[in-house]
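Aromatic side chains are a convenient way into a fold. The paragraphs below follow some of them through the chain.

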Amino acid sequence: DPVTGVEDIDFSPDDQRIVVSIFRQDAAYLLDRYSNERVKLPHRRVYGATFSATGDEIYSVGWDKMLRVWNGMTGDLISEQLLPTSLDNTLMYAVSTAPNGKYLARSTRESIGLYDADTKELIREWDGVWNGSSGALRFSPDGLWLASGSTAGNIIVWDPLTGEQLHKIEAHDNSVYTIDFGKDNCTICSGGSNIGYVWSLRPSTLDCESNEDAVTKLTGDKAS
């Protein structure tokens, strides 16, 4: 089954290509939407995968503690390395790149790290403040915010440059598995346990109990 154990999915900036990470197959796949061509990107215990801001490269991370960089067009391996961290647990679950191409973020169960995208030098590390990071991590389209999900169901919005925590949303009953910003930079979509939420950050988060239209099951039916 080609979709068994899918952990992450991302579209290229031109929407022509898709990268999918499949944990149980120890690989990510580069897919072409129009030709149906599929290229295997071998990565043991891969969890997160994303395109660079230009789409020229693909980044993948996983439980083997490695960051691998692939050619975003051909799928050829460009480089692989351990990302520096101040903590012991470096099993990685997610990776995201800033729209300006200058920064790279990754998450483990204990921390989130911000890196220089070119040198892979560690710039900042947040640890121990969200009850376990999950595989949900995303920069806003303008690159000014970084959102992360936790195994406790929380969403944290950070200022990646100052390290300041800007918002904390008690979003889900269990782990937040996926997260993304809207094009307006002020809307967040989150998913977990078959429930999807839409949150507004102007000026505070939506209360899902009083905004039922913003809460839907992933099947499309309104949540009760």
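Is F23 buried or exposed? The model is a predicted one, and in it F23 has a relative accessibility of 16%, so this residue counts as buried, the limit for that class being under 20%.

A pair of aromatic rings is described by the distance of the centres and the angle of the planes. With pairing taken to require ring centres within 6.5 Å, the count comes to eight aromatic pairs. In one of them, F23 meets W63 edge-to-face, with 4.8 Å from centre to centre and 70° between the planes. This pair links distant parts of the chain. F23 belongs to the loop between β2 (17–22) and β3 (27–32), while W63 belongs to the loop between β6 (57–62) and β7 (66–71), and the two residues are 40 residues apart. Unlike F23, which is buried, W63 is partly exposed, at a relative accessible area of 31%.

F23 and W63 also belong to one aromatic cluster together with Y47 and Y93. A charged residue joins the picture at F23: R45 lies over the face of this ring, 5.6 Å from the ring centre.

A second pair is made by W145 and F181. Their ring centres are 6.4 Å apart and their planes stand at 45°, so this pair is tilted. W145 sits in the loop between β13 (133–139) and β14 (146–150), and F181 sits in strand β17 (residues 178–181); the pair therefore ties together parts that are 36 residues apart in sequence. Both W145 and F181 are buried.

Conventions: Residues numbered from 1 in each chain as written. Predicted model: local features only at pLDDT ≥ 70, side-chain atom pairs only at ≥ 80, totals over all residues. Heavy atoms only, no water. Phe/Tyr/Trp six-rings, centres within 6.5 Å; stacked < 30°, edge-to-face > 60°. Helix = DSSP H or I, 4+ residues; strand = E, 2+ residues; numbered from the N terminus. Buried < 20%, exposed > 50% of the residue type's maximum accessible area, 1.4 Å probe, protein only. Lys NZ or Arg CZ within 6 Å of the ring centre and 35° of its normal.
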